[in-house]
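Me: I have a model open here and would like to check the words used to describe it. Could you set each one against its definition for me?

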Amino acid sequence: MPPAGAPDYSSCVAKRVCYIHIGPHKTGTSSIQWFLKENRAELLKYGYFVPESGANHGAHHAIVRKLCGQELRDHQQSAAAEFARALDETPSEAVVISSEALNPLLKKSDLARIFFTRMRELNLEPKLVLFPRNQSQFINSCYSQAVKGFRRSEPFETFVQGATRRFSFRYSPLIELAEIYDVELVPRPFTGETIAHGVVPEFLQAIGVNPSQFRDTNVRRNEAAGPFTVGVARGVLRSIGSAGKRLKWLQAVRCGAKLATYLKDKGLTDAGYCGLTTTLARHIETQWRSDNDAFAQRVWGAPWSEIFAADIGREFTPNDFAMCRPDETTERRLQQAIREMTPIAERVLLDPALAVEAPWNDLLGRGGWTPTPRA
């Protein structure tokens, strides 16, 4: 029986496979989620049910957070119950959900236990689809996204130092998780080649769908930020932080949106941030070599260096403005943008509707350093 106050999932009697795409962040998750949202009807024809996400970008964050037992905003509290009802109403033998938020959540033993218990109550057979990425490129992308999303403002090297101590960038714990809960891992390497050719076809193949049946698989969403974007966001967040103000999740969402609009309107949107030096990349790769090899041998039967041959040992030249000073014109534009964006961000912080004291609005509680927050 479900605990008191929890949705009753017992009416869902049909045993079916549930492909759960868990990211991680910055491995084409936005592209996959957009594709799933736009192709729900077509996927249903092939026997794959994609539940409504309730979000413009298509991610199923509310569903997975509720299935992990987390409290949500009032309008999202029924997400798991609605998911259960939708399962009752579909004859499809396969279910597909996608949420990179689930990756860090499942690394917390209590939340993982709740999640997989509810999967069993729904009579679902979970298969975890993930895209491991070489940590040098992974951390670089995560940093630019985290800064753009008003989550972090420290220098890149400081971020890297913290990252090398974090559980989040290790993949081998997922093997143990799969063994504990008797679920299948479906790992696909996220490489430079994946970026070039698109992640959606790789994802479709991972869940047993022929990509050639769809015309719009070349989806690219949420492209990485550039050095100017990172410089502005970092400067604004440091200015706000100097006043002792700590952002809530909704405030970070709004600030990120305001920044994107500001840069677009000014014609200053850029891409391609790099904080890596070749030396720093080699250090990162050395830090994770043992864990990466253990994971790769278990899931692919080959060393990490073979799977990610084109990504390991690359040369890098940083373009972070804190590491290589921009030209005078760019520096002037940067400082002007920081001056103009700071009061905009400060007005966001004055909106009481965005400063709600609730667990779901705690920025650190929703994943700490992780990238741009989305509902």
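Me: What makes strand E4 largely enclosed by the rest of the structure?
Reply: Six of the seven residues of E4 are buried, so the strand is largely enclosed. Buried means under 20% relative accessible area, exposed means over 50%, and partly exposed is in between, with a 1.4 Å probe and protein chains only. E4 covers residues 124–130, and a strand here is a DSSP run of E with at least two residues, while a helix is a run of H or I with at least four; both are numbered from the N terminus. One caution: this is a predicted model, in which local features need pLDDT of at least 70 and side-chain atom pairs count only at pLDDT 80 or more, while totals for chains, interfaces and linings use all residues. Residues are numbered from 1 along each chain as its sequence is written, and side-chain values use heavy atoms, with hydrogens and water left out.

Me: How do you know that E4 pairs with E5 and with E1?
Reply: Two strands pair if DSSP finds at least two bridges between them. Four bridges join E4 to E5, and six join strand E1 (residues 16–21) to E4, so both cases meet the definition of at least two. Both pairs run parallel. Leu130 has Pro187 in E5 as its bridge partner, Lys127 stands opposite Glu184 in E5, and His21 is partnered by Val129 in E4.

Me: Why are E2 and E5 said to stand at the edges?
Reply: The five strands form an open, parallel sheet in the order E2-E3-E1-E4-E5. E2 and E5 (184–187) each have a single partner strand, so one side of each is left without a neighbour in the sheet.

Me: Why is Lys26 called buried, and Asp182 exposed?
Reply: Lys26 has a relative accessible area of 14%, which is under the 20% limit and therefore buried. Asp182 has 72%, which is over 50% and therefore exposed. Lys26 is in the loop between E1 and helix H1 (29–38), whereas Asp182 lies in the loop between helix H9 (173–181) and E5.

Me: What makes the backbone of these two residues, and the bond between Gly23 and Pro24, worth a look?
Reply: Most residues other than glycine have a negative phi, and most peptide bonds are trans. Phi of Lys26 is near 60°, and Asp182 has a positive phi of about 50°. Gly23 and Pro24 are joined by a cis peptide bond, with omega about 5°. Pro24 is found in the loop between E1 and H1.

Me: How do you know that Pro51 is buried?
Reply: Its relative accessibility is 4%, so Pro51 counts as buried. Pro51 sits in the loop between strand E2 (48–49) and helix H3 (61–67). Beyond its neighbours within four places in sequence, its contacts (heavy atoms within 4.5 Å) include Arg40, His60, Phe83 and Val96.

Me: And what makes the radius of gyration agree with a compact globule?
Reply: The rule is 2.2 Å times the number of residues to the power 0.38, and the radius is taken over C-alpha atoms. For 375 residues that gives a value near 21 Å, and the protein has 21 Å, which agrees. The C-alpha trace spans about 65 × 50 × 40 Å along its principal axes, and buried residues make up 55% of the protein.
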